[in-house]
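Please walk through this predicted model, starting from whole chains and ending at a single helix.

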Amino acid sequence: MSATVSKTTDRGSGGRPPRRRSGRGILARLGPLPWIAPAVLLIAVVVLWPIYELIRTSFLKISTAGFVRGSAGTDKYKQLFEETDFAQVITWTVIWTVVVVGVTMLLSLGLAQLFNQNFPGRTVTRWALIAPWAASVLMTAIGFKWMLDRTAGVLNTLMMDLGIIDQSKDWLGQPGTAWPWMMFVAVFVSLPFTTYTLLAGLQTIPHDVYEAAKIDGAVGFKTYLHITLPLLRPAFLVGFVINLINVFNSFPIIWGMTKGGPDSDTATTTVYMFQLKSTDIGESAAMSVVNFAMVVVLVLIFLKVSRWNKED
Amino acid sequence: MNRRLIATSAVGVAMALGLTACGGESGGGDGGGDSKTVKLVAADYGDKKSNASKIYWEDVAKRFEAANKGYQVDVEVINWNDIDNKVKAMIQSGNVPDVLQTGGYADKVADDLLYKRSDVLSPATEKKLIPSFAKAGESDGTAYGIPFVSSTRLLFYNKEIFKKAGVAEAPKTWDEVKEAAQKIKDKKAADTPYGLPLGPEEAQGESMIWELGNNGGYTDESGKYTINSKANVETFSWLKDNLVKPGLTQPNPASTDRKTMFEDFAAGKLGMLNGHPTLIQMAKDGKVDYGVAPIPGKTGPLESTLGVADWMMAFKDGKAKKAAVKKFLDFAYAKENMLKFDEMYHLMPVTQEVADTMASDPKFKTLKPFTDVAGGAKFYPLGDTTWDAVSSEIKKSGGKAVVDPKQTLDDLQKKAEAAAEDQ
């Protein structure tokens with residue numbers, strides 16, 4: 001008998017007599033739980049539940065009208081992998097990610113170095129660099145889309161007036177020219193964040209390291225290669241991995257400029273998933289799941305890398 | 001404090017769960033709620049604020065409510081780009097509208113979601129429908145779709161550009177199209193000689209017009225898909241070799257939408273293209289001196305051009321009474337309402353009485369060439385329950401047929417057959 005009583009008070013499920021004392025006890029035992037509970041619930045509702053729904057949908061057979069006709073098993077995945085465009089979409093996703101992240105990192109290294117120097121107007125230029133970051137990516141993409149427009153675009157007008165081309169070009173109409181332009185825009189919007197990350201990294205490198213190097217006779221590029229770069233590694237890695245995830249998942253630039261078209265010739269997996277929505281929601285969900293798995297891998301790399309940073 | 005926090009979050013979760021539960025409740029059942037409120041979802045035909053379809057429908061709703069005490073209409077107007085996805089989401093969550101006005105109906109028939117036409121339209125109203133359109137509303141012999149507006153396609157040409165290029169009259173055959181386009185190009189009479197919009201907006205329309213010119217089409221007599229038929233492959237190969245490659249069209253037809261081409265034509269930058277009545281007003285606004293002619297086919301002008309209709313349909317699982325839906329639809333199909341809508345957007349009527357009124361009114365003179373060919377017009381396989389799925393595949397990749405005809409059409413055929421098998 002006494003055992004059961006003590007059990008109920010232990011659980012704190014509302015045994016009446018000892019209530020006064022246990023009120024505090026339960027809360028104490030719960031520790032920080034009540035405080036983080038809202039956040040946990042929020043995550044459960046806006047993150048975990050959608051993921052569950054996403055995975056569930058990828059195994060459903062849904063008619064074009066949107067009517068759920070029952071389970072599809074793994075058919076939708078099979079269908080997805082058999083799409084003629086699938087291999088090409090994956091290839092371009094890799095090229096897109098590698099090129100955009102690579103170019104962004106290289107340019108940012110240079111820019112960060114530049115902004116780390118003392119020169120007149122540095123504050124103004126530093127502010128100016130924020131502009132592409134502060135503007136909405138979709139807005140930037142649409143802005144470029146119209147600049148590149150075949151009939152109304154300012155670029156065609158300019159090039160025709162200068163006599164570089166004699167007929168206006170449809171830059172975004174074919175993959176051959178659309179990809180480079182979209183990559184350009186992607187680099188353009190990724191530069192500010194990356195540059196600032198690297199700039200912050202540069203500013204944490206103590207000055208005496210350079211002085212010591214100078215005394216030892218290191219000059220110019222050698223200093224950069226052997227002193228700056230290794231010390232910049234933590235900032236570089238953070239910038240690199242965050243860019244990797246961002247660019248891989250990038251939707252607004254491509255959607256805003258070509259919608260992945262013609263067909264799926266300028267689509268990455270994220271855009272392709274959106275295109276599939278209009279033909280088959282189940283298949284689109286399957287693409288999402290594949291995409292999600294790839295992001296998880298990238299995130300795991302990120303965690304690994306950041307731990308590696310700390311250990312160092 | 002703590003306890004309150006927990007309580008609040010508990011309420012939050014309960015609400016979230018409750019909200020999601022709401023979605024799943026309706027569905028099933030075979031007909032009609034008991035509400036006197038009709039929920040209408042309709043597409044937006046307007047291209048600016050002043051002619052948004054919301055204005056039209058709210059006015060109809062207000063007059064309907066005034067004439068029928070106790071009844072109400074909830075209007076939701078969605079733009080064309082979003083309407084398919086939003087309706088899909090409504091169906092998926094079991095939250096269907098009572099009445100829907102959009103581009104296609106047959107995919108909803110496949111899942112048995114719609115009322116038969118005779119259930120929600122009085123015989124008097126049903127009799128008013130022009131027979132060819134009424135017939136297009138049938139799926140497997142039973143009528144579900146109620147035509148709402150229609151259009152037919154003709155060749156638009158810019159008279160001034162033709163004169164400058166020395167083209168005496170509108171082309172009647174494909175070869176004449178090529179010849180005229182070449183002249184326009186040689187004389188630099190226009191930026192683009194021939195407009196070929198095969199982008200996602202309406203690739204299925206432009207493709208079918210060209211296929212009809214070679215006695216092709218999407219289906220054969222028995223209704224089987226024939227997208228990669230010899231005639232169709234031939235059609236696109238001709239287009240590729242004779243118009244696209246020599247640069248007689250705009251560059252990249254597969255990524256050009258009809259809207260862009262219409263704008264180019266209205267700006268006087270385009271020699272000729274296939275268009276529908278909306279272009280009349282656009283050309284007028286742009287002060288373009290245009291002419292219309294039958295669409296050229298391989299050996300002569302098309303006898304039956306492409307006819308397109310948009311549809312009205314009523315959902316069985318809506319919350320409104322069947323009688324309320326019927327009352328509303330009969331009201332919406334009254335002559336004055338239909339006429340007003342057609343006039344507002346330069347579209348063609350689907351009821352005989354409106355067609356007669358238009359024929360006798362000089363105000364609609366410019367529409368006459370289009371209404372004249374409506375009788376013999378050919379439609380998409382609208383009644384086929386897989387058509388909507390196939391149509392979205394064609395919208396997405398059909399334009400590439402002018403780049404790689406055989407491969408693209410084979411691919412589409414495969415998808416169409418898979419869709420047909422899936423039914």
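What follows takes the two chains in turn, then their contact, the domains, the core and one helix.

Start with chain A of this predicted model. Its secondary structure comes to 14 helices and two strands. The C-alpha atoms of chain A fill a box of roughly 95 × 70 × 30 Å along the principal axes. The radius of gyration is 27 Å, whereas a compact globule of 312 residues would have one near 20 Å. Of those 312 residues, 30% count as buried. Take the contacts in chain A between residues at least 6 apart in sequence: 63% of them join residues at least 24 apart.

Now turn to chain B. Here the secondary structure comes to 19 helices and eleven strands. The C-alpha box is roughly 80 × 50 × 50 Å, again along the principal axes. Does the radius of gyration of chain B agree or disagree with that of a compact globule? It agrees: chain B has 24 Å, and a compact globule of 423 residues would have a value near 22 Å. In chain B, 52% of the 423 residues count as buried. Of its contacts with a separation of 6 or more, 75% are between residues 24 or more positions apart.

Next, look at where the chains meet. The contact takes 36 residues from chain B and 26 residues from chain A. On the chain B side, the elements that give two or more residues are α1 (2-25), α3 (80-92), α4 and α18 (387-397). By class, this side of chain B has 13 nonpolar, eleven polar and twelve charged residues.

Chain B also divides internally. The domain assignment gives domain 1 (30-150 + 308-372) and domain 2 (154-305 + 386-422) of chain B. Their centres, taken over C-alpha atoms, are 29 Å apart. The contact between them takes twelve residues from domain 1 of chain B and ten residues from domain 2 of chain B. On the domain 1 side, α4 (106-110) and α17 (368-372) of chain B are the elements that give two or more residues. That side of domain 1 has eight nonpolar, three polar and one charged residues. Helix α4 of chain B thus appears twice: it gives residues to the side that touches chain A and to the side of domain 1 that touches domain 2.

Now go inside. In soluble globular proteins, nonpolar side chains tend to be buried together. The largest nonpolar core in this model has 171 residues, and B:F156 and B:F265 touch the most other members. Helix α9 (residues 175-204) of chain A gives the largest share, eight residues. Both domains of chain B give residues to this core, so it lies between them.

Finally, follow B:F265 outward. Leaving aside residues up to four places away in sequence, B:F265 touches B:F156, B:N158, B:G195, B:L270, B:L273, B:L279, B:A283 and B:V288. B:F265 is also one of the buried residues of helix α12 of chain B. The others are B:R258, B:T260, B:M261, B:F262, B:D264 and B:A266. Why is α12 (residues 258-266) of chain B largely enclosed by the rest of the structure? Seven of its nine residues are buried, so the rest of the structure largely encloses this helix. What do these buried residues pack against? Their partners are β7 (154-158), β8 (192-195), β9 (270-275) and α13 (278-285) of chain B. Just after α12 of chain B, B:G268 takes a positive phi of about 75 degrees.

Methods:
Residues numbered from 1 in each chain as written. Chains lettered and ligands numbered in written order. Domains from an automatic or database assignment. Contact = placed C-beta atoms within 7 Å. Helix = DSSP H or I, 4+ residues; strand = E, 2+ residues; numbered from the N terminus. Nonpolar A, V, L, I, M, F, W, Y, C, P; charged D, E, K, R; others polar. Rg over C-alpha atoms; globule rule 2.2 N^0.38 Å. Buried ≥ 20, exposed ≤ 12 C-beta atoms within 10 Å, placed from the backbone. Core = buried A, V, L, I, M, F, W, Y, C linked by C-beta atoms within 7 Å.
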